[in-house]
Amino acid sequence: MASFNKFNNNALRDAILVPIINCGTSIYAGFVIFSVLGFMAHEKGVDVKDVAASGPGLAFVVYPEGLARMPVAPMWAILFFFMMTILGFSSQFSIMETVISAFMDEFSSVLRSRKLYNYLFRGGICLLFFLLGLPMTARSGMYLMNLMDNYVGGFPLLVVGLVEALVLGWVYGFNRFADDIQMMLGKKPNIFFRITWCFIAPVLMFTTIIFKAIQYDTLDLNGYIYPPWASALGWLMALFPILIIPGWFLVQFCLSGGWQTLKKASVCRSDWGPALDKHRNLATRYSSSTLSSMENGDGIVNYGMDEKY
């Protein structure tokens, strides 16, 4: 993460190595997983697609069953669950540190002022997420985890990624971002990154969102179809991280004077009124003395609007 890197860290090297290692690990894991699924399909006399579906049941139900059928089953079971433990800890550390570092960097004057505040904040965040995860250990925990996995890990990630790509390439601007990278690395990104960041990535993510919406179907798990209220709860969880983006924009817009600008643009000017003078003379507010006293210096007339608005 950027919080733990030097200013001139070779981010380009990391951006290339991390996806390659990630994809390579996935390909290697695919060989391992499908070899076990193929072994189970052979044992049961069915096709691989009929052995199991994707999801938590694949790792905690089907895969242990396949290991139990292999020679020296205890050794494979120990290695498998040891791998799952390491994978869980590494994912948990990286995810939690990402959340904590965001708050630590934003409120560094308080949270980094004393080690006690740092420890208390980290402990409080871990305790909070521990309590939030407890319902998933109950008898219906698998259904709750499947609900969160499908809704929170789907549309929100795609929408946030799309917004980040659009803001980086078109709002903040690729040229300005390229200058920032030049300060750190000594050279600007080439044309490949301009095309991928500004065009290819947004188009691919937008297309993925559209196809995901078209292919959306009612969620189910092991033959159990989630009721409408559960689907509504899932959509609320999916909308929460998405609505933070326009919500934060509106807050910053109002705090930066946008509300005053909007109010000013919504008030009529001093020359607004009836087209004919004989109609204007029927109201005292169109007299020159009244208008001059009501104008605020920009030709804007505040008809009964106090400064508190």
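Helix 3 passes helix 5 in a right-handed crossing. I start there, and I should say at once that this is a predicted model. The axes of helix 3 and helix 5 lie 11 Å apart, and the two helices pack at an angle of about 135°. An angle over 145 degrees would count as roughly antiparallel, and 65 to 115 as roughly perpendicular. Helix 3 and helix 5 are therefore oblique to each other.

Two other helix pairs are on my list. Take helix 6 and helix 10. Their axes come within 9 Å and cross at roughly 45°. Helix 6 and helix 10 are therefore oblique to each other as well, and helix 6 passes helix 10 in a right-handed crossing.

Next, helix 8, residues 174-185, and helix 9, residues 191-214. Here the axes come within 11 Å, with a crossing angle of roughly 130°. That makes helix 8 oblique to helix 9. The crossing of helix 8 and helix 9 is right-handed.

Now the largest pocket. Its volume is about 2,800 Å³. Which residues are closest to its centre? They are Ile95, Val99, Phe129, Met148 and Val152, out of 49 residues that line the pocket. Several helices give two or more residues to this lining: helix 2 (56-68), helix 3 (73-106), helix 5 (115-133), helix 6 (141-152), helix 7 (155-171) and helix 10 (228-255). So helix 3 and helix 5, the pair I opened with, are both in that group, as are helix 6 and helix 10.

Which helix provides the largest share of the lining? That is helix 3, with 17 residues. As for chemistry, the lining of the largest pocket divides into 35 nonpolar residues, nine polar and five charged.

One last item is a single residue, Val72. Where is Val72 found? It sits in the loop between helix 2 and helix 3, and those two helices both contribute to the pocket lining. What draws attention to Val72 is its backbone: phi is near 55°, a positive value in a residue other than glycine. For context, most residues other than glycine have a negative phi.

Is Val72 buried or exposed? Its relative accessibility is 53%. The cut-off for exposed is over 50%, so Val72 counts as exposed.

To recap, the crossing of helix 3 and helix 5 is right-handed, helix 3 gives 17 residues to the lining of the largest pocket, and Val72 has a positive phi.

Methods. Residues are numbered from 1 along each chain as its sequence is written. This is a predicted model: local features need pLDDT of at least 70, side-chain atom pairs count only at pLDDT 80 or more; totals for chains, interfaces and linings use all residues. Side-chain values use heavy atoms; hydrogens and water are left out. On a 1 Å grid over the protein atoms alone, a cavity is a set of points where a 1.4 Å probe fits but cannot get out, and a pocket is an open set with protein on both sides within 12 Å along at least five of seven lines; lining residues have an atom within 4 Å of a point. Grid points are joined across faces, edges and corners, and a volume is the space filled by probe spheres set on the points. Helices (H or I, at least four residues) and strands (E, at least two) are DSSP runs, numbered from the N terminus. Ala, Val, Leu, Ile, Met, Phe, Trp, Tyr, Cys and Pro count as nonpolar, Asp, Glu, Lys and Arg as charged, and the others, Gly among them, as polar. Buried means under 20% relative accessible area, exposed over 50%, partly exposed in between (1.4 Å probe, protein chains only). Axes are lines fitted to C-alpha atoms, for helices over the stretch in contact, and angles run from 0 to 180 degrees between N-to-C directions. Angles under 35 degrees count as roughly parallel, over 145 as roughly antiparallel, 65 to 115 as roughly perpendicular and the rest as oblique. A crossing is left-handed if the near helix is turned anticlockwise from the far one by less than a right angle, and right-handed if clockwise.
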